Amino acid sequence: MLLAGFATDAHADQYERVLNGTFSVKTPWWSSGNTPSTVDSGRLCADIPAGTVNPWESMIGQNDIPLEAGQPYTLRFTASASRDVTIRAALGLAAPPNTTSFTKTAALTSTPKMFEFTGPAAVSTIHGQVGFQAGGATQPYRLCLDDVSLTGGVIPPGGGRTFGSPVRVNQVGYAVSGPKQASIVDAAKAPVRWRLLDSTGTAVEEGMTQVRGDDAMSGDHVHLADFSGFREAGTGYTVAVGDAVSQPFDIAENPYDALRRDSLKYFYYHRSGIEIVGGAYARPAGHLGVAPNKGDIQVPCRPGTCDYVLDVRGGWYDAGDQGKYVVNGALAAWQLMDSYERSLSTGDFEGLRDVLGEARWELEFLLRMQVPDGKPLAGMAHHKIHDEAWTPLPTQPQNDPQLRYLHPPSTAATLNLAAAGAQCARIWAIWDWAFAKRCLSVAEKAWNAAVAHPDLYAPREDNVGGGPYDDTTVTDEFAWAGAELYAITGKRSYLDRVTAKLTADGFSWKDTGGLADITMVRLPFRFPADRVRAARDRVLNVAGGYVRDLDAQGYPNPYLPSDGQYAWGSNSATTNNAMIIATAYDLTRRTGYRDAVLKSMDYLLGRNALNQSFITGYGEQASHNQHHRIFAHELDPKLPNPPPGSLAGGPNSALADPVAQQNLPGCPPAKCYLDEIGSYSTNEVAINWNSSLAWITAFASSEVVSGTAGSNRPKPSRPLAASAASPLDLTSGFYVNTNSLPATWARDHAGDSRAARIQSSIGARPIARWFGNDSDIGGTVASYTGAADANDKLPVLVAYNLPGRDACGGESGGGAGSVSAYKTWISSFAAGVGSKPAIVVIEPDALGDFSCMTSGAIADRLAMLTYATQMFQQKAPNTFAYLDGGNAGWVDAPTMASRLESAGVHNVRGFSVNVSNYYPTSQSISYANSVNSSLGGGARFVVDTSRNGKGSSGEWCNPAGRQLGVPPQIGGGAELLLWVKTPGVSDGKCGIAPTVPAGQFSPDLAIRLIDGT
C-alpha cells in the first residue's frame, strides 16, 4: 500500500499536498456544475448561485489528495467574497462513503483574509478532497480563493510505494517451448541462487542468477534467472530467491489463447450504437439519439464550421471518454486487419471472423465521417466527434446528455481514412464485393481531397470534451495511404508518395510512415522488388535494435526511449515494437525474434519494475482501475472493472494528471504508473493500444502451439514461390498415364472403331490425373508420382477433395467429410509427392462460387486452401503447384486476385485458369494476365487447353460443337498449357450427354471433341 509502515519524519508538516494552490491555471481545481469558476488575477473565483439548500451543493475543490489516518493536516487559504458570507472549508474523502476528516467555517468579507485550520485525517487514502462549500446562499455572490495550502502526513510526495516480491515473473505463464526468465531486484554484485518451485513448494529446477546490474529506467539493481530448459507443463509454479517468492504462474503449451480472445473481445465492449450483452458488461445502446443522448444520428458540426449534419453512429469509443476519433480508430482497425492478413500467410485462422467483424464495425463508422459531395472540403474526413464538454466519471453512454459535434476535417484524418479504406477494399473483395467497392471509392476520394488540401491540421487547443489528436506533419500519412492504395490499385501516382520509412521511433497514431514498410513486406508481390527489399531491410534493422534494447535492460521491454522519458501510452510502444519484431520473425523465422516477442509479453504481464500486470484479468497483481467512464468500479461498486484483456497505458514520465503528480513525483521512468482511475495519463485505455495487444497475442498464441517453437510453421511469405528445383529441369517431358480413362477404354474396346482415334488423339497425350477422397491418398499419390519419376517424366495431378465443393449446386458436389478430414487428406497428398518432381493443380473452381456460400463457409474454405498451399510448400519442394483461379467468364480479375491472395497463392508457384472450361487460350491468357497484374505481377499461370479448340459457346456442361485444344506444352503465352480436364469425361448429366454422370468417360463425347461436332 502507498500509505503504510513509515516512521515519522521531522519535516512531515512541510509536505505540501495540494497542487497549484496559487492558481497559475485552473487545473486541477474544479467547481460544481452550477458554480462556474475562472482564474482571475492569480485567484480562483466562482459565481455562487442562490437557491441551493445544502453547503455541498455549490463547491470549489481538489480531489485525489493523499491522506494518512491519524496524521494532522493544516489547511491554509486566503478568501474573499463580494458580500459578507460564511463558507465551510472541509477535508475528507472524495468518493463514497465521503468520510469527513474536519469541517471548519470561515466568515468572509470583500477584503481578502487568510485562514488556517488543523485536524487529523480520518482515513488513509489517495482519494482525499479539499473542498470549499458555499451552498445554501439566499443571494448570488462571487467567491475568490488564493494561496491554498494543505500540509501534513509523514510520507513524502512520491514515497511510500512498495511493489511486493523482488522476484518478478510473467504472472500468467510461460510457453513450454518458449523462453522462461525472471527478473530479481537484488543488490548483490555476485550471482545468487534461484529455485523453481512447483505448486507444492518442491524445487524442480535451480541455478545461479546472471547479474544484469543497474537498470537505468527503473533504478533497480537486477539479476536474471533463466529456467528456459524446464519444459514440464503445470500450474502454480513460483521462483524463489532466498526467502523472496514470486507471484505464481503456469507453464503451458499455449498460455496466450485466452488473452488473444479477450484482447479482441475488448472492442465489442467498446462499441457505440449497439446494445451490449454479456453479464456485468451488458448495457443499452448508447448515442443513438434516444433521450437523454443527443447523438450520433444527426450530428452537427461545431458552430460556424459547416451547414450539414451526419449520421456517424457506430464505431468504438476511443478510450476512457466516449469520443470517436478517425486517426486512432483507423490505426486500430488497420492493426486488426493486418492481423487477419498475417493469418493468411501463416494459416492461423483462429478467431478470423471475430477479427473482421470488429474491424468492419469501426470501418463503417470511419466511412461515415467523410464530408459529403457538394460541400466545401468534400471528400475530407472530419477529425473527430465527441461531447461538447467533458462528462464526469462515471457516465454510461446511454445516459450522456451532452451535445456532440463533428470537429473540422483534417488532412491527417483524411489520409487515415484513405489508408484504412484501401486496406478494407483489398480484404473485403473476397467477402463482400459491394462493401469493398464502397471502401475503395471512399479511399480514393479521400486521397484526392487530401492532395487538394494538404495542410489542414487539427489544433492542439481543441481539447475540451475530447482529446485533440493534433498532428502537423502528414508526409507519413501520405506514405501510409499511398502504400495501401497502390497495393489495391497498382497506380504509380500512389507509390510516388511513399517516402516515409520505418525508423527506430516505430509507429503510432501520430507517426504512421512505418506502416507503409509493414504493408510492403506483408504483400511483397504487390510492390516493386527493390521497394520490398529496402522495406525488408528496414524492418529487420529496426527489429534488431528493439531486440538489443530488450536484452540490455533488467526488464524485457523492447521500448527504450532515447531521451530516457517514458511517453504517454508507453505500453503501446512496447506492443507496437513487439509487432515489428514479430514481423521480422515472419520474414526470417529466426527464433530470437519470436523469443523477444514472448519476453515482451512477460513485461506486460508482470515481469517489470512494478511487479504489475498491465492487462486486466491476467495476473495476481493486474491493473483493474483504468481511467474509464463506463467501467468505473472504483468510483461506483455497482459498475464492473474494465473487461479482461484491457491494456493500461503504462508508465508516463510526464505525470500529466493530478493523481500522478500527487503520488509519483521523482519516480524513475519505468515506475511512473498508478492503477488508479483518476490517473488518466498513466492508466487510461485506448482502442489503438488494445489493437496492438490483440495483434501480438494472436502472434504469440500461433507461434507457441504444439511446443514446436514455430518449427512446424510455414516459411515466411514471399513473392510467388519458387521450388527447390524446377520440375521441368528434373524431367525429360510430361508423363503419359497409360491407365488414364481414355487409354483404358481404348485398350478395353480395341474392336470398337473409335478406339484407335481416341487412343491416338487423347489416350496418348499427357493428361492430368484427378485425385479425390481416397483413404490411402498418400500411398496412391506416391505410387503414381513414383511411376512417373522412374521414367524421368513429369506427372500432372489434380487435388480435388474440398468439402462442400460446387456450392452452387452443380454436378460436381462431394469432397472430404470435414475440414479436419480435408487437412489430413491434403497433407498426405503432398507427402505422397514428396521430393519427386510434379505439377499439381489445387482444387479447381474452389474460388469461384462464393456467391452461394456463407461467410463462415468462405472462411473455412480459405483456411483449407491456404493449408493446402502450405503443405505443398513444405512437403513437395520440387513441385510446381497452381491454385485454381477460375475462368475468364466467371469472376472479374481483381476479385479473383484477392481471393487467390487470401487462399495462399503466394505459397505456391502460381495459379491455373480455364480448368474444365472452354474459353479460348488467348482469352484465358488475357484474363490470367489481368489477375496477375492485380496480384502485383509476380505470378506464373497455366491454362487448361484440353477442350478449348473452338472456344466457348457460353455453355459449360457438355456443350455441342467444342473441340480439343492445343496439346500440353511449355510456354504458349503461359508458363504451361496443360490438359487438366480429361477430354471425353462428362461434366454431368447435361448437354449432349444427358445420361452420363460427372466424372465418367464417354467415347461419344471424346469423338465429338476430336471431330469438333
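Aspartate 147 is partly exposed, with a relative accessible area of 40%. In this predicted model, its place is in strand β10, and its phi is near 50 degrees, a positive value in a residue other than glycine. Most residues other than glycine have a negative phi, and most peptide bonds are trans.

Asparagine 98 also has a positive phi, near 55 degrees. This asparagine lies in the loop between β6 and β7 and is partly exposed, with a relative accessible area of 43%.

That loop holds another feature to look at. The peptide bond from proline 96 to proline 97 is cis, with omega near 10 degrees, and proline 97 sits in the loop between β6 (85–93) and β7. A cis bond also joins alanine 291 and proline 292, where omega is about 10 degrees; proline 292 belongs to the loop between α1 (257–269) and β21 (299–300).

**Strand β5 and its partners**

Let us return to β10, the strand that carries aspartate 147. Strand β10 (residues 141–152) is joined to β5 by eight bridges, and the two run antiparallel. Serine 80 stands opposite cysteine 144 in β10. Strand β8 (residues 113–120) is likewise joined to β5 by eight bridges in the antiparallel sense, with arginine 76 opposite glutamate 116 in β8. Is β5 enclosed or open to the outside? Eight of the 10 residues of β5 (residues 72–81) are buried, so the strand is largely enclosed by the rest of the structure.

**Two open sheets**

Strands of a sheet pair through backbone hydrogen bonds, either parallel or antiparallel. One open sheet here has five strands in the order β1-β4-β9-β6-β7, with antiparallel pairing. Its edge strands are β1 (30–31) and β7 (100–108), each pairing on one side only. Two bridges link β1 to β4 (residues 59–67), and isoleucine 60 in β4 is the bridge partner of serine 31.

Another open sheet has three strands, ordered β23-β25-β26, and its pairing is antiparallel too. Here the edge strands are β23 (324–325) and β26 (404–406). Strand β25 (residues 384–387) pairs with β26 over three bridges, and histidine 386 stands opposite tyrosine 405 in β26.

The antiparallel strand pairs described above are gathered here.

| Strand pair | Bridges |
|---|---|
| β5 and β8 | eight |
| β5 and β10 | eight |
| β1 and β4 | two |
| β25 and β26 | three |

**A residue in helix α9**

Which residues does arginine 538 touch, not counting those up to four places away in sequence? They are Lys501, Leu502, Asp517 and Met520. Arginine 538 lies in helix α9 (residues 529–552). Its C-alpha atom is separated by 35 Å from that of histidine 270, and the two residues are 268 apart along the chain.

**The whole chain**

Stepping back, the chain contains 22 helices and 35 strands. Its C-alpha atoms fill a box of roughly 125 × 70 × 45 Å along the principal axes. The radius of gyration is 34 Å, which agrees with the value near 31 Å for a compact globule of 1013 residues. Buried residues make up 61% of the chain. Of the contacts between residues at least 6 apart in sequence, 73% join residues at least 24 apart.

On the outside, the chain exposes about 35100 Å², and carbon and sulfur atoms supply 51% of that area. There are 81 positive and 96 negative side chains, and the centres of the two sets lie 6 Å apart.

Conventions: Residues numbered from 1 in each chain as written. Predicted model: local features only at pLDDT ≥ 70, side-chain atom pairs only at ≥ 80, totals over all residues. Heavy atoms only, no water. Pairing = 2+ DSSP bridges. Helix = DSSP H or I, 4+ residues; strand = E, 2+ residues; numbered from the N terminus. Rg over C-alpha atoms; globule rule 2.2 N^0.38 Å. Buried < 20%, exposed > 50% of the residue type's maximum accessible area, 1.4 Å probe, protein only. Contact = heavy atoms within 4.5 Å. Areas by Shrake-Rupley, 256 points an atom, 1.4 Å probe, with all protein chains shown as cover. Lys, Arg positive; Asp, Glu negative; His and termini not counted. Charge placed at Lys NZ, Arg CZ, Asp CG, Glu CD.
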